[in-house]
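Visitor: Could you take me through one part of this model in close detail, and then set that part in the context of the whole chain?

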Amino acid sequence: MSFATGRIVLTIVAVIFGLSSIPAELSRSHVFNPSWPGHARYHVVTYLVMNIAACSVALLLLWDANSTRLARQGACGLLLAAEAALFLAAVFPGTSARADGEPLLLRQPISLWMGGLLCVATVLGTIGILS
């Protein structure tokens, strides 16, 4: 994969991951879930803001004309860290990756499958921009 293609792939990942967080988190099953305590909602909004910030900084680092190789590596790291949080949180005792009513695919929530696809795309894009 070329540098240009890798940068496009990472841009698509950052936009999808950053924007898809908004309706997912600001929904009746998350922030507006009346059964959730206020502090849990606080953490969801904190995650949402950090996720959007990470994706925005990654885009800036990918497209800044003065961006160095190290800055582009940082962009890839930001995206992978944000995506890894989906899987690390899912294995933490007492948590569930499945939102209320979310469909399953092979006994796993669709959101985890999408996160996995974004991780694969991020790794491929990273190989492209660093080769």
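Guide: In this predicted model, the buried residues of α1 are G6, R7, L10, T11, V13, A14, F17, G18, S21 and E25. An α-helix has 3.6 residues a turn, so residues three or four places apart point the same way. The cover over the buried residues of α1 includes α2, α3 and α4. As for the helix itself, α1 has 23 residues, which at 1.5 Å a residue should span 33 Å, and because its end C-alpha atoms are 33 Å apart, the expected and the computed span agree.

One contact with α1 can be followed residue by residue from the other side. A121 has its place in helix α4, and, leaving aside neighbours within four places in sequence, A121 is in contact with V9 and V13. Of these two, V13 is among the buried residues of α1. A121 and V13 are 108 residues apart in sequence, yet their C-alpha atoms are 7.1 Å apart in space. A121 counts as buried because its relative accessibility is 19%, and the cut-off for buried is under 20%.

The second helix can be read in a similar way. The buried residues of α2 are V44, L48, N51, A54, C55, A58 and L62, and they pack against α1, α3 and α4. For the 26 residues of α2, a rise of 1.5 Å a residue should give a span of 38 Å, and the end C-alpha atoms are indeed 38 Å apart, so α2 agrees with the expectation.

The helices also come together around an opening. The largest pocket has a volume of about 950 Å³ and is lined by 31 residues, of which E25, H30, Y47, L86 and A97 lie nearest its centre. E25 also belongs to the buried residues of α1. At least two residues of this lining are supplied by each of α1 (3-25), α2 (38-63), α3 (69-90) and α4 (110-130), and by class the lining has 17 nonpolar, ten polar and four charged residues.

A residue in a loop offers a further viewpoint. T95 is placed in the loop between α3 and β1 (104-105), and it counts as partly exposed because its relative accessibility is 38%. Not counting residues up to four places away in sequence, T95 touches A89 and A90. T95 and T68 are 27 residues apart in sequence, and the C-alpha to C-alpha distance between them is 39 Å.

Set against the whole chain, these details belong to a secondary structure of four helices and two strands, whose elements run α-α-α-β-β-α from the N terminus on. Taken along the principal axes, the C-alpha atoms fill a box of roughly 45 × 30 × 25 Å. Of the contacts in the chain with a separation of 6 or more, 63% are accounted for by residues 24 or more positions apart. Buried residues make up 32% of the 131 residues, while the chain exposes about 7800 Å², of which carbon and sulfur atoms supply 73%.

How values were computed. Residues numbered from 1 in each chain as written. Predicted model: local features only at pLDDT ≥ 70, side-chain atom pairs only at ≥ 80, totals over all residues. Heavy atoms only, no water. 1 Å grid on protein atoms, 1.4 Å probe; cavity = no way out; pocket = protein on both sides within 12 Å on 5 of 7 lines; lining within 4 Å. Points joined across faces, edges and corners; volume = space filled by probe spheres on them. Nonpolar A, V, L, I, M, F, W, Y, C, P; charged D, E, K, R; others polar. Buried < 20%, exposed > 50% of the residue type's maximum accessible area, 1.4 Å probe, protein only. Contact = heavy atoms within 4.5 Å. Areas by Shrake-Rupley, 256 points an atom, 1.4 Å probe, with all protein chains shown as cover. Expected span 1.5 Å × (residues − 1).
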